[in-house]
Amino acid sequence: MRVRFFGTRGSIATPGPHTLRYGGNTSCTEVQSSAGTLVILDMGTGATVLGRELMARGEPSRGHILISHTHWDHIQGIPFFAPLFVPGFEWDIYGPRGLHQGLRQTLAGQMQSTYFPVTLEQLGATIRYRELVEGRLRIGDIEVTCRYLNHPALTLGYRLEADGAALVYACDHEPHSHALATGVGDFLGEDRRHAEFLAGADLVVHDAQYRASEYPQKIGWGHSTIEYACAVARLAKVGQLALTHHDPMRDDAAIDALVDSLRSEGFRLAGPHIFAAAEGHEVELSRRPFVAVAKSWLSAEAPPGTALAGRSAVLAMTTPSRIAELSDLLRDDEVHAHVCAVEDAPALAEREKPMLVLLEATGDDRATQACRAVRRLRDIGDGLPIVVVMSSEHHARADGVDDGFTDVLVEPYSPNYARARIRAWPMRAACRWVRPPEPNDEDRRLAATRSLGLWKTPPEERFDRVVRVAAAAFDVPIALIALMERDREWFKSCYGLEIREVLRDDSFCGHAIFERQPLVVSDALLDERFADNPYVTGFPGVRFYAGHPLILSNGCCVGTLCILDVRPRHFDNVGISLLRDLSQFAIAELERSKAEQ
Ligand SMILES: [Zn+2]
Ligand SMILES: [Zn+2]
């Protein structure tokens, strides 16, 4: 894998006699695998030079652009990137998925006629826009992992693995813990996960805009200090660290002095080789054993819409200004805020099943107690993002902020900062599986289910024999007759499973009930709707599901007959018709129950 810098300046292009060696162009890095896959990381003004060079080389006519975020210094080169104008050329442009506006729309914004003579539509090349969330994707022979960084806009860092080497690109990013800007201290929570994202990389290209001494004036601007970049790279045992996003105020001599001082301060000892990224500088990454990122990352191209739409957050806090500010931010994202006192958070979370809990640090252990109680909530406590909001990081230690919290939000933060963070938490894998929609006849359906009089009644042989036969006929470990209430699915008959009920939101059967059609999931891990469903990622580790809706003579679908396996399976039409036959036995018994009521 070959890496070449075309723009290393942060914030604004800074040409002139004093920035000749490190360069004045904003962020742009070219990566090419030995098989020839071309990836461009960010499209700051440096992309203009790269574009000219690619045209001169005459190949490749196909490439991929990974945009960290759409701040100007990362996209301003797009309208000047010559290969986008060539008919027959093909480009995929990837960037973080926005909430209200797509990537294409955002990029088109800077090319409106007020700002630029050519519109995005007039570019000659074939361009595909691909929106990403945290997760993995494959680009040619390059395996890409995306992770949200800490910046006042939703920003992705990228880890590229190919040819037995790993490269991480992390621009723009600020330490989650302000204290870590000095490079000294414990990496906890999100800072630790950032280090894990970098783990063992051969080269890390990292935001290093400020010095620790400058940082107190720059808190919340979304950038790292050189000291933080060095510390995280050393902790992550990376091979080389390229400092980048150079501050426009720092000329060549100042950058030289900076790198010299780092080396004399001993950052070089037993740590990565550190250098400042310079325009035109090329690094060849050769095969080396590295610690790969956990393979369980989900697809970065999964639609996360269901994670946010129509959902709510619990704001457990009493400071009126905070409540007003955070509920405004949530409202912008169409998220309803339920406000309560810190100690009431667990009860409210249990009732409302929010997508996020924001807890105010109170100076005593109430937030910690509330956090633990939320974590203990059945079905929802485990994956729920819990964020503690506090006025100073000093409190973080005093309050015993530990792994129970997902993250901390420390004042002062700008509205944009808080918004980016609030979006990132639920958009992470926490709840990306698709919740079953409610059928149109839900009220009738519920009435029909209740009229059976079977809800939570003891097991009955007439139903149990159906699931026993189903398990034997299909040679599966689990078979169920499930009934669906408003919020819960309960198993009237249950073969091979200890659990008797699940949340409707988590259920597979809810989809079969909505569709009124048999639902077959051959491998849940490969199915975007279910890959991070808690019953797939956790116990019992469902891989295969086939469910047949149980539709009564009055047309109401009250539940399913379903079979599950912990291995992926192929299931053909013969299987589906056999499942239909068996479901007829279950329906006959349900009709009998209805008649007896
Ligand atoms: Zn930037
Ligand atoms: Zn930025």
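This passage describes the overall form of a predicted protein model and the surroundings of Glu143. Local features need pLDDT of at least 70, side-chain atom pairs count only at pLDDT 80 or more, and totals for chains, interfaces and linings use all residues. Residues are numbered from 1 along each chain as its sequence is written, and side-chain values use heavy atoms, without hydrogens or water.

The protein chain holds 17 helices and 25 strands (DSSP runs: H or I of at least four residues, and E of at least two, respectively). Its radius of gyration, taken over C-alpha atoms, is 27 Å; this agrees with a compact globule of 597 residues, for which a value near 25 Å would be expected. That rule is 2.2 Å times the number of residues to the power 0.38. The C-alpha atoms fill a box of roughly 90 × 60 × 50 Å along the principal axes.

Of the 597 residues, 58% are buried (under 20% relative accessible area, 1.4 Å probe, protein chains only). Contacts are heavy atoms within 4.5 Å. Among contacts between residues at least 6 apart in sequence, 69% join residues at least 24 apart.

Glu143 lies in strand β8, which spans residues 142-148. Its side chain makes a polar contact with the side chain of Arg138, at 2.5 Å. Such a contact is a pair of N or O atoms within 3.5 Å; within protein, one must be able to donate a hydrogen and the other to accept it, and residues adjacent in sequence count only if both atoms are side-chain atoms. Leaving aside residues up to four places away in sequence, Glu143 touches Arg136, Leu137, Arg138, Arg159, Leu160 and Glu161.

Terms used: Chains are lettered from A and ligands numbered from 1 in the order in which they are written. Buried means under 20% relative accessible area, exposed over 50%, partly exposed in between (1.4 Å probe, protein chains only).
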